[in-house]
Amino acid sequence: MTQASEHNYTRMRLMAPIWVALALAAIWAAWEGWWPLAAMSTLAFLLSMAPILLASRYNIALPLPFLVATVAFIIASLIFGEVFDIYYRIWWWDMALHGSSAVALGMIGFLFIYMLFAGDRFAAPPGAIAFLSFTFALSIGAVWEIFEYGMDQTFGTTMQKSADDTMIDLITDTIGAVISALAGYAYLKGRSAGVLGRLIRDFIALNRHLYAKGRSRDDK
């Protein structure tokens, strides 16, 4: 077992109570015939386990805050949003989820692109990497809007409430993508990037083998 796998196994033990709760919710909902909750609880269970299983497969260690945030987002979106109609009851719920997902995707894009430079901050152009992480997050947001449009046209759903809703989602995605891009840029420039900067440092520290040339920077 690799060091990353051992790390992720420890994280799995910490996350186990949440997964057990989701599984029990799915079983209870199915028993009661509440099929939307049963389906979404099952989907949330599977999606929340996917990141850590994939990370172990590719020898990547995931920080605990990342896993907690991922599970919280999935539950907030699938269960609270879809099953309990929070999207309609709280006007800013959809905006908050779009913004947070854009920040997360921008961070993922930044970490991946920086990894291609083996963590060498002298070879990695901060502006270019920040821009690419921004475009990565925004492109995923645009693809999601296309997916919603396709679902509405094909199956008659109402994932897209209106044209205004789509534009608000894209604007929110843009703001989230800018935040993550600026955090990545600040990190490469050696400046404080707040909470996002600490998450970047934690991820790189846990995955030294992916950022070999950046060791001297973070060991200072």
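Among the elements of the predicted model, mean pLDDT (the predictor's confidence in each residue, from 0 to 100) is lowest, at 50, in helix α9 (residues 215–218) and highest, at 93, in helix α5 (residues 93–116). Helices are DSSP runs of H or I with at least four residues, numbered from the N terminus. The protein averages a pLDDT of 87, and 94% of the residues score at least 70. Over residues 216–220 the pLDDT stays under 50, and the model has 11 contacts beyond four places in sequence for this segment, a contact being heavy atoms within 4.5 Å. Residues are numbered from 1 along each chain as its sequence is written. Local features need pLDDT of at least 70 and side-chain atom pairs count only at pLDDT 80 or more, whereas totals for chains, interfaces and linings use all residues; side-chain values use heavy atoms, with hydrogens and water left out.

The largest nonpolar core (buried Ala, Val, Leu, Ile, Met, Phe, Trp, Tyr and Cys residues joined through side-chain atoms within 4.5 Å) has 36 residues, and Phe-110, Tyr-187 and Ile-200 are among those with the most contacts inside it. At least two residues of this core come from each of α1 (3–32), α2 (35–57), α3 (64–83), α5, α7 (163–188) and α8 (194–206). The most are given by α3, with seven residues. Beyond four places in sequence, Ile-200 touches Met-107, Phe-110, Leu-111, Ala-183, Gly-184 and Tyr-187.

In α2, buried residues (under 20% relative accessible area, 1.4 Å probe, protein chains only) include Leu-37, Ser-41, Met-49 and Ile-52. Just after α2, Asn-59 takes a positive phi of about 60 degrees.

Key
Buried means under 20% relative accessible area, exposed over 50%, partly exposed in between (1.4 Å probe, protein chains only).
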